[in-house]
Amino acid sequence: GLSACAENTTGGKSSSAPGETPLSVSEEEGAGETEQNKMQTYDVSLTYVNEQYIIEGDESLEKLVTDVSGTVEAPEGAEGLPEACEKTLELLRAVPEGNSDLTTVISDRFKINSVKVDENGQAVVDLAAFTDDAGMDNYTEQFFIYQVTGSLVNSFEEVKSVTFTVDGQAVETLGGHLDASAAYTVNDVDSFNAGSGSAGMTAEE
């Protein structure tokens, strides 16, 4: 009885997993990676929300912190830029360790389909349509747009401005308050951040 049992097991193994197929697949993958996709590490500069501003609502405080460093890996050259941009936005979903004074509005509720950068340096960030009815309130929408814009424009010299689409379609607005089709630049981020900035300046000096 024992020998029959052993025979069954070996028979089962060899018939269900022929050795050749996995081997050829992994060989191809390995070759593709070394030849085409030389990976590059990009140093990125992330934009987060100043939690103190959220708690206190004090307009003299900076709303955004725009120079939190991170790194992403993507293929070298122009082909790798969209992937590097997407990975940069994924980093915004979490606040880096040791930055308890920062927060983020880029939550898992918001799925980013893709980022494409055209020859004029405009990045188009395509979002998936919201699956719930909550959408974005005014506060979330503003911080979402400026966190994304600040992070992409400050991280990649190829990116000059950022605009937004939903499921590949142009939309007037993401949450009903800001123009999603506008091209947002670092100047927009800075002027939003300044708010009634003069008060903040004197307090710092």
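**Reading helix packing in a predicted model**

Mentor: Let us begin with a pair of helices in this predicted model: helix H4, residues 77–91, packs against helix H5, residues 138–155, at an angle of about 135 degrees, and their axes are 10 Å apart.

Trainee: How should that angle be put into words, and what is H4 relative to H5?

Mentor: An angle over 145 degrees would count as roughly antiparallel and one of 65 to 115 degrees as roughly perpendicular, while the rest between those ranges is called oblique. The angle of about 135 degrees therefore makes H4 oblique to H5. The crossing of these two helices is right-handed.

Trainee: Which residues of H4 and H5 make the contact?

Mentor: From H4 come Cys85, Thr88 and Leu89, and from H5 come Val148, Ser151, Leu152 and Ser155. Sorted by character, the residues of this contact comprise 4 nonpolar and 3 polar, with no charged residue among them.

Trainee: H5 also packs with H6; at what angle do they pack, and how far apart are their axes?

Mentor: The angle between H5 and H6 is about 130 degrees, with the axes 9 Å apart, and that makes H5 oblique to H6. Here the crossing is left-handed. On the H5 side the contact is made by Gln142, Phe143, Tyr146, Thr149, Gly150, Val153 and Asn154, and on the H6 side by Val186, Asp188, Val189 and Phe192. The residues of this contact divide into 6 nonpolar, 4 polar and 1 charged.

Trainee: If I turn to H6 itself, which of its residues are buried?

Mentor: The general idea comes from helix geometry: an α-helix has 3.6 residues a turn, so residues three or four places apart point the same way. In H6, which spans residues 186–194, the buried residues are Val189, Phe192 and Asn193. Because they cover an arc of only 100 degrees around the axis, they lie on the same side of H6. What these buried residues pack against is strand S2, residues 64–75, together with H5.

Trainee: What happens in the backbone just after H6?

Mentor: Glycine 195 follows there, and it takes a positive phi of about 55 degrees. Elsewhere, aspartate 167 has a positive phi of about 50 degrees although it is not a glycine. Aspartate 167 sits in the loop between strand S6, residues 161–166, and strand S7, residues 169–170.

Trainee: Is aspartate 167 buried or exposed?

Mentor: Buried would require a relative accessible area under 20% and exposed one over 50%; aspartate 167, with a relative accessible area of 44%, is therefore partly exposed. The same reasoning applied to proline 75, whose relative accessible area is 14%, makes that residue buried.

Trainee: Where is proline 75 found?

Mentor: Proline 75 is found in strand S2. Its C-alpha atom is separated by 5.7 Å from that of glutamine 40, although the two residues are 35 residues apart along the chain.

Trainee: How would you describe the chain as a whole, starting with how many helices and strands the chain has?

Mentor: The chain has 7 helices and 7 strands, and along the sequence they follow the pattern α-α-β-α-β-α-β-β-β-α-β-β-α-α. Of the 205 residues in the chain, 34% are buried. Among contacts between residues at least 6 apart in sequence, 65% join residues at least 24 apart.

How values were computed: Residues are numbered from 1 along each chain as its sequence is written. This is a predicted model: local features need pLDDT of at least 70, side-chain atom pairs count only at pLDDT 80 or more; totals for chains, interfaces and linings use all residues. Side-chain values use heavy atoms; hydrogens and water are left out. Axes are lines fitted to C-alpha atoms, for helices over the stretch in contact, and angles run from 0 to 180 degrees between N-to-C directions. Helices (H or I, at least four residues) and strands (E, at least two) are DSSP runs, numbered from the N terminus. Angles under 35 degrees count as roughly parallel, over 145 as roughly antiparallel, 65 to 115 as roughly perpendicular and the rest as oblique. A crossing is left-handed if the near helix is turned anticlockwise from the far one by less than a right angle, and right-handed if clockwise. Contact means heavy atoms within 4.5 Å. Ala, Val, Leu, Ile, Met, Phe, Trp, Tyr, Cys and Pro count as nonpolar, Asp, Glu, Lys and Arg as charged, and the others, Gly among them, as polar. Buried means under 20% relative accessible area, exposed over 50%, partly exposed in between (1.4 Å probe, protein chains only). The arc is that of the directions from the helix axis to the C-beta atoms.
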